[in-house]
Amino acid sequence: MSLLGFLITIAVLVAFHEYGHFWVARKLGVKVLTYSLGFGPTLWSTRKGPDAIEYRIAAFPLGGYVRMLDEREGPVDPSERHRAFNCQPVWKRFLIVLAGPVANILLALVLWMLMFMVGVQGVLPKVGVVPADSVLARSGIQDGDVITRVGGQPIHSLSDLRLAVLEGGVAGAKVPIEFEHRGAVNTGTLDLTQLKPLQGNHQGPAADVLREIGYRLWSPKGDALVHKVIAGSPAEQAGLKKGDVIQKIDGSTYRDPWALISRIEHSPGMPVTLTVLRDGRSEQITVTPKTETSANVDGKTTSVGRIGAQLGLVPDAVARAKADGIQMLVLERYNPVEALSMAASRSWAMTTLTFNVFGGLLTGQASLSNLSGPVAIAEYAGQSLIIGFSTFLGFMALVSLSLAIMNLLPIPLLDGGHLVLYVVEAIRGKPAEAALEAFATKIGLAFLVSLMALAFYNDISRLLH
């Protein structure tokens, strides 16, 4: 699924990016020779149209290109010189190069709009038991409250909440928060000044910002049901089995499965005794949680306990919650006008967040471990494809916007680097010297190769850990 999701994502995004260059070039009278998806050996090709344009699919899918008639690449017939790219006025070349990133921005808008029209299923941002010393507790939120707005942004689901907290954490701000408490709307202040979400972690998944502020998903009261025991885990070695109901830990009851998990996490390497109901009989099982390290947003690591069991809520507690009309899953679905507005808002939020991350990388406030490459794209593409169609649309929109922003950076070899040269040319009244352009190209190539190597390193390190 990861490979399938990756190929679909790259194919669609590259196709639109290159089609932007292709379409504008032809509209402005430039002769296009090749439209290629991928690099390297040709897998398939055909020629069409009066100009016999070659349309091809190549072996390596990490990109694509549009090749235009250009005197710098070979002899040009004098009768067609007016159609050569390098002979066009600077404004035409500027628009042709700009068209690729613009196509990706427009594609992101359309994909997010479709996502909001199809409907996005999410989890209601209802809060469980909040740690007393957490950021959420200091804002006034209690068990059972539903968060409705953060920093002026409406919060409909857990993903909305995560994005809003991430934005506030990157900005290091104190943001207003609204929440429903026993039917009344309350307000407070969410202090995110100490939340440093860009510290990163190349030895595994980044710390969850919601967990860092003290968010725990609300759950009805009830015992934990063992859904699965992982082979070779401490739980299996201790004798825990699928279908067991855990009633107590070290002789004490607990509120819900999340509370049990928290108790286990706080007991790394220390034996805990679980009172288990199995086939109508109560048994005592002692298990020693395996010690694992978990990264905090400040870059420090802490030890947590894991027993290797997947836990859920006992069916009767779920049934009681349904009978009480409690619904934790929400569906966000909008008409086309609302969906377009939501898409524009999401695009702006992700754009500002991306530039804040870039700024953090330049100033040293953000870790280079935040950079990801094709491996991470493939991983998340597969996950989003499994979750559902609308989630996959949102994932492609995010990558499309990221591709546009990346290409607009003023780095030689990227579209942004070319645009800078065209601006300089327009100001000077003549193009940059060939030697200077060649030197800049080498610098840009070295930078991009280094960036890609770092991204691969981060991806592989996360997988290995």
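Start at Lys 126. Its charged end sits over the ring of Trp 218, 4.1 Å from the ring centre. This is a predicted model, and the contacts described here are read from its atoms.

Rings also meet other rings. The count comes to 8 aromatic pairs. One of them joins Phe 22 and Tyr 35. Their centres lie 5.4 Å apart, and their planes meet at 70 degrees. That makes the pair edge-to-face, because the angle is over 60 degrees. The pair links distant parts of the chain. Phe 22 belongs to helix H1, residues 2-27. Tyr 35 belongs to strand S1, residues 32-48. The two residues are 13 apart in the chain.

Are these two rings buried or exposed? Phe 22 has a relative accessible area of 5%, so Phe 22 is buried. Tyr 35 has a relative accessibility of 12%, so Tyr 35 counts as buried too. For both residues, the cut-off for buried is under 20%. Phe 22 and Tyr 35 also belong to one aromatic cluster, together with Tyr 19 and Tyr 55.

Now move to Phe 116 and Tyr 334. Their ring centres are 5.8 Å apart. Their planes stand at 75 degrees, so this pair is edge-to-face. Here, too, the pair links distant parts of the chain. Phe 116 lies in helix H2, residues 90-118. Tyr 334 lies in the loop between strand S15 (329-332) and helix H9 (336-363). In the chain, 218 residues separate the partners. Both Phe 116 and Tyr 334 are buried.

Turn next to a sheet. Four strands form an open sheet in the order S5-S4-S6-S7. The pairing is antiparallel. Which strands are at the edges? They are S5 (153-154) and S7 (184-191), and each pairs on one side only.

Strand S4 covers residues 146-150. On one side, 2 bridges join S4 to S5, and these strands run antiparallel. S4 is also joined to strand S6, residues 174-181, by 4 bridges. S4 and S6 run antiparallel as well.

Val 150 is a good residue to follow here. In S5, its bridge partner is Gln 153. In S6, Val 150 stands opposite Ile 177. The hairpin of S4 and S5 has 2 residues between the strands. In this hairpin, Gly 151 takes a positive phi near 60 degrees.

Note on methods
Residues numbered from 1 in each chain as written. Predicted model: local features only at pLDDT ≥ 70, side-chain atom pairs only at ≥ 80, totals over all residues. Heavy atoms only, no water. Pairing = 2+ DSSP bridges. Phe/Tyr/Trp six-rings, centres within 6.5 Å; stacked < 30°, edge-to-face > 60°. Buried < 20%, exposed > 50% of the residue type's maximum accessible area, 1.4 Å probe, protein only. Lys NZ or Arg CZ within 6 Å of the ring centre and 35° of its normal.
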